[in-house]
Amino acid sequence: FALVKAIIRAESGFNPHAVSKKGARGLMQLMPDTAQRMNVSNVHNPRDNIDGGVRYFKYLLYLFNNDIRLSLAAYNAGENLVAELGSIPPYRETIDYVHRVLYYYQYYRE
């Protein structure tokens with residue numbers, strides 16, 4: 001629960017109507033292709049968005065052998081890029097994102 005809450009805080013600041021410049025939408029900022037892959041019909045419905053986002057993150061955890069840092073990087077920068085590099089991409093946005101989510105995760109675990 002704490003990790004999902006941390007992702008939501010970093011992604012949308014708990015705004016279910018958030019839309020990014022790149023087109024990610026809702027609480028967990030699902031891209032249209034990811035929402036479709038996760039069978040999310042209404043990305044602005046909190047329950048649907050969280051359900052799809054959690055299922056996608058669980059898939060990333062499986063893909064990256066339960067490595068939370070790589071899974072978070074993939075959630076932010078894309079699973080193909082992280083798989084290709086085998087590490088967190090050297091993008092300031094992604095590096096900051098991983099640190100921010102982990103910071104919030106620690107905060108919510110207390």
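Mentor: Accessible areas here come from the Shrake-Rupley method with a 1.4 Å probe, and for residues only the protein chains shown count as cover. This is a predicted model, where local features need pLDDT of at least 70 and side-chain atom pairs count only at pLDDT 80 or more, while totals for chains, interfaces and linings use all residues. Residues are numbered from 1 along each chain as its sequence is written, and side-chain values use heavy atoms, with hydrogens and water left out.

Trainee: What share of the exposed area of the chain do carbon and sulfur atoms supply?

Mentor: Start with the total. The chain exposes about 6,600 Å². Carbon and sulfur atoms supply a share of 50%.

Trainee: Which pattern does the chain follow along the sequence?

Mentor: Helices are DSSP runs of H or I with at least four residues, strands are runs of E with at least two, and both are numbered from the N terminus. The chain has six helices and zero strands. Read along the sequence, the pattern is α-α-α-α-α-α.

Trainee: What radius of gyration does the chain have, and why does it agree with a compact globule?

Mentor: The radius is taken over C-alpha atoms, and the globule rule is 2.2 Å times the number of residues to the power 0.38. The C-alpha atoms fill a box of roughly 35 × 30 × 25 Å along the principal axes. For 110 residues, a compact globule would have a value near 13 Å, so the chain agrees with its own 13 Å.

Trainee: What percentage of the residues is buried?

Mentor: Buried means under 20% relative accessible area, exposed means over 50%, and partly exposed lies in between (1.4 Å probe, protein chains only). The chain has 110 residues. The buried part is 41%.

Trainee: Which elements give two or more residues to the largest nonpolar core?

Mentor: A nonpolar core is a set of buried Ala, Val, Leu, Ile, Met, Phe, Trp, Tyr and Cys residues joined through side-chain atoms within 4.5 Å. The largest one has 30 residues, and Ile7, Phe57, Leu60, Leu72, Tyr75, Tyr97 and Val101 have the most contacts inside it. The elements that give two or more residues are α1 (2-12), α3, α4 (68-77) and α6 (92-109).

Trainee: Which residues does isoleucine 7 contact, leaving aside neighbours within four places in sequence?

Mentor: Contact means heavy atoms within 4.5 Å. Ile7 is itself one of the core residues with the most contacts. Its partners are Met28, Phe57, Leu72, Tyr75, Tyr97 and Val101.

Trainee: Asparagine 49 is in helix α3. Is asparagine 49 buried or exposed?

Mentor: Helix α3 covers residues 46-63. Beyond four places in sequence, asparagine 49 touches Arg25, Gly26, Leu27, Met28, Gln29, Leu30, Val40, Asn42 and Val43. Its relative accessibility is 0%, so asparagine 49 counts as buried.

Trainee: What sign does the phi of glutamine 29 have?

Mentor: Most residues other than glycine have a negative phi. Glutamine 29 sits in the loop between α1 and α2 (32-37) and is buried at 10% relative accessibility. Its phi is about 50°, although it is not a glycine, and the sign is positive.

Trainee: Asparagine 65 also deserves a look. Is asparagine 65 buried or exposed?

Mentor: Asparagine 65 lies in the loop between α3 and α4. It has a positive phi of about 50° and is not a glycine. With a relative accessible area of 69%, asparagine 65 is exposed.

Trainee: Now helix α4. How far apart in space are the C-alpha atoms of alanine 73 and valine 43?

Mentor: Alanine 73 is found in α4 and is buried at 0%. Beyond four places in sequence, alanine 73 touches Gly78, Val82, Ile88, Pro89, Thr94 and Val98. Valine 43 is 30 residues away in sequence, and the spatial separation is 21 Å.

Trainee: Which residues does alanine 77 touch, not counting those up to four places away in sequence?

Mentor: Alanine 77 lies in helix α4. It is partly exposed, with a relative accessible area of 28%. Its partners are Pro89 and Thr94.

Trainee: Which helix holds threonine 94?

Mentor: Threonine 94 is buried, with a relative accessible area of 2%. Its contacts beyond four places in sequence are Ala73, Asn76, Ala77, Ile88 and Pro89. Threonine 94 lies in helix α6.
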